[in-house]
Amino acid sequence: MQIITKNAYLVTLQRIIDDKDGILTIAESGKQIPFKIKRVYFITDTFYKSSERGHHAHKDLEQVIFCINGSFKLLLNDGNNEQEVILDKPDQGIFLGKELWHTMSDFSDNCIILVMSSDLFNENDYIRDFEEFKKYLKTIN
Ligand code: TYD
C-alpha cells in the first residue's frame, strides 16, 4: 500500500502470534505511534450502507487510525492529492497528520475503528468545511 498524500503514511504495529492462542498486537508511544497518546476512541455500529464519518481536517492534531475488525474505506485529501485506502488489517493503520481532509465510509459488518490521538478533544482544531480547508491551506503555505 503506497500513500501519496502529504502528512500521511502507513503504520505497522508489532504482532506476536501465539498460534492457537491468538494474536497480540501492540502499539507504543514513541515506537509505532510517533506521539504521546493522550486520547483513544473507537467507532462501532456503522450499520448503514450510507454511513459516513470524518469530513474534516485538523489544524494541529495528529492521529493514527486502525480498523481492528472488518474493513472500511478511508479517503485522504491534502488539498492537492486525493487517495482512497481500504483498511482491513488490525495491525496496519494510517498516520493522519495535520491539514489532511479525511472521510470514512463503506464499513463492513462489525467494523471497529480504533483511533489514537496526540491530544484531547478540541473542536477549535477542526476544519469541517472543505472550501474552508482549501482556504486554510493557502493561508499557511
Ligand atoms: P467527529 O470527530 O466529527 O467524528 P468522526 O470523525 O468519527 O465523524 O466527532 C463527532 C462528534 O463527537 C462531534 O460532535 C465531536 C464529538 N467528539 C467528542 O466530543 N470527543 C471526541 O473525542 C471525539 C472524537 C468527538
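## Sheets and nonpolar cores in a predicted model

Asp19 takes a positive phi near 45 degrees in the hairpin of S2 and S3, which has 5 residues between the strands. This description concerns a predicted model. The two strands of the hairpin, S2 (residues 14-17) and S3 (residues 23-26), run antiparallel and are joined by 4 bridges. Within this pair, Ile16 stands opposite Leu24 in S3.

Strands of a sheet pair through backbone hydrogen bonds, either parallel or antiparallel. The table lists three strand pairs of the model.

| Strand pair | Bridges | Direction | Opposite residues |
|---|---|---|---|
| S2 and S3 | 4 bridges | antiparallel | Ile16 and Leu24 |
| S6 and S9 | 3 bridges | antiparallel | Val64 and Phe95 |
| S7 and S8 | 6 bridges | antiparallel | Phe72 and Leu87 |

**Two open sheets**

One open sheet has 5 strands in the order S1-S9-S6-S11-S4, and its pairing is antiparallel. Its edge strands are S1 (8-12) and S4 (39-43), each of which pairs on one side only. On average, neighbouring strands of this sheet are turned by 25 degrees against each other, direction ignored. Inside the order, S6 and S9 are joined by 3 bridges, and Val64 has Phe95 in S9 as its bridge partner.

Another open sheet, also of 5 strands, follows the order S8-S7-S10-S5-S12 with antiparallel pairing. S8 and S12 (126-127) stand at its edges with a single partner strand each, so one side of each is left without a neighbour in the sheet. The partner of S8 is S7, to which 6 bridges join it. In this pair Phe72 stands opposite Leu87.

**Nonpolar cores**

In soluble globular proteins, nonpolar side chains tend to be buried together. The largest nonpolar core of this model has 18 residues, and those with the most contacts inside it are Ile65, Phe72, Leu74, Leu76, Leu87, Ile94 and Ile113. At least two residues of this core come from each of the strands S6 (63-69), S7 (72-77), S8 (82-87), S9 (92-96) and S11 (112-117). S7 supplies the largest share, 3 residues.

Which residues does Leu87 touch, not counting those up to four places away in sequence? They are Met1, Ile65, Cys67, Gly70, Ser71, Phe72, Leu74, Gln92 and Ile94. A second, separate core has 9 residues, including Val11, Ile33, Val64 and Phe95. Two of these residues, Val64 and Phe95, are the bridge partners described above for S6 and S9.

How values were computed:
Residues numbered from 1 in each chain as written. Predicted model: local features only at pLDDT ≥ 70, side-chain atom pairs only at ≥ 80, totals over all residues. Heavy atoms only, no water. Pairing = 2+ DSSP bridges. Core = buried A, V, L, I, M, F, W, Y, C linked by side-chain atoms within 4.5 Å. Buried < 20%, exposed > 50% of the residue type's maximum accessible area, 1.4 Å probe, protein only. Contact = heavy atoms within 4.5 Å. Axes fitted to C-alpha atoms, helices over the stretch in contact; angles between N-to-C directions.
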